[in-house]
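Student: Could you take a close look at one part of this protein with me? I'd like to know what surrounds it and how the pieces around it fit together.

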Amino acid sequence: MPRQLLVPMDDSETARAALEHALEVFPNDEITVVHAVDDLEAGYGGRPPAAVGDEGDEPEFFADVRSIAKRYDRPVETTVIEGTSADAILEYADEANVDQIVMGSEGRSGVSRMLLGSVAEAVTRRSPLPVTIVP
């Protein structure tokens, strides 16, 4: 029986690497790609909160997601979720009965990591599910 994998996505090479990793290493599992739009971003110049998740209202890089999946001859679901990245990812994973999270890491270190934090680190620390971090 296929497992449900969740791949959080932003417009970064590490997120694309995580998707490719999931497609290669877990060939029989179902993959959902999510992009979290922060509440603050949505309210200040990002997309309006009411539009999040509306059909046709998706990030441009979802076209890359479909292109990558097509190279592996695999279907992937895509969705946009709203909320602070780590919280939104973990909430979605719980509600969608996800079995594992596969995500990229920007590889921040030092002061940058202390000041900005890391979504991958927060998800890994708080997730009751296995989390694979792809550098």
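Student: Here's the part I mean: what covers the buried residues of α4?

Tutor: A word on the model before the helix. This is a predicted model, so local features need pLDDT of at least 70 and side-chain atom pairs count only at pLDDT 80 or more, while totals for chains, interfaces and linings use all residues. Residues are numbered from 1 along each chain as its sequence is written, and side-chain values use heavy atoms, with hydrogens and water left out.

Now to your helix. The cover over the buried residues of α4 includes β1, β2, β3, β4 and α6. The residues being covered are A86, A88, I89, L90 and A93, where buried means under 20% relative accessible area (exposed is over 50%, partly exposed in between, with a 1.4 Å probe and protein chains only). The element names come from DSSP runs: helices are H or I runs of at least four residues, strands are E runs of at least two, and both are numbered from the N terminus. Just past the end of α4, N97 takes a positive phi of about 55 degrees.

Let's take the helix neighbour, α6, next. The axes of α4 (residues 85–95) and α6 (residues 119–126) come within 9 Å and cross at roughly 40 degrees. That makes the pair oblique: angles under 35 degrees count as roughly parallel, over 145 as roughly antiparallel, 65 to 115 as roughly perpendicular, and the rest as oblique. The axes themselves are lines fitted to C-alpha atoms, for helices over the stretch in contact, with angles from 0 to 180 degrees between N-to-C directions. The crossing of α4 past α6 is right-handed, meaning that the near helix is turned clockwise from the far one by less than a right angle.

Who touches whom? On the α4 side, S85, A86, D87, I89 and L90 meet V119, A122, V123 and R126 of α6, with contact meaning heavy atoms within 4.5 Å. By class, six residues in this contact are nonpolar, one is polar and two are charged. For that tally, Ala, Val, Leu, Ile, Met, Phe, Trp, Tyr, Cys and Pro are nonpolar, Asp, Glu, Lys and Arg are charged, and the others, Gly among them, are polar. Another α6 residue, E121, is partly exposed at 22% relative accessible area. Its C-alpha atom sits 9.9 Å from that of V131, ten residues along the chain.

The strands in your cover belong to an open, five-stranded sheet in the order β3-β2-β1-β4-β5, paired in parallel. β3 (77–82) and β5 (131–134) form its edges and have a single partner strand each, so one side of each is left without a neighbour in the sheet. On average, neighbouring strands are turned by 25 degrees against each other, direction ignored. Two strands pair if DSSP finds at least two bridges between them.

Walk across the sheet from β3. Six bridges tie β3 to β2 (residues 30–37), and one partnership there is V34 with T79. Five more bridges link β2 to β1, where L5 faces I31. L5 also has a bridge partner in β4, namely Q100, and β1 and β4 share two bridges. Four bridges then join β4 to β5, with G104 opposite V134.

Two of those strands are well covered themselves. In β1, four of the five residues are buried. In β4, five of the five are buried, so the strand is largely enclosed by the rest of the structure. Q100, V102 and G104 point one way from β4, I101 and M103 the other way, and all are buried.

Finally, α6 ties the picture together. Besides meeting α4 through residues such as V119 and A122, α6 lies across β4 and β5, running at about 160 degrees to β4. So what should you keep in mind about α4? Its buried residues, A86, A88, I89, L90 and A93, have both strands and a helix in their cover: β1, β2, β3, β4 and α6 are included.
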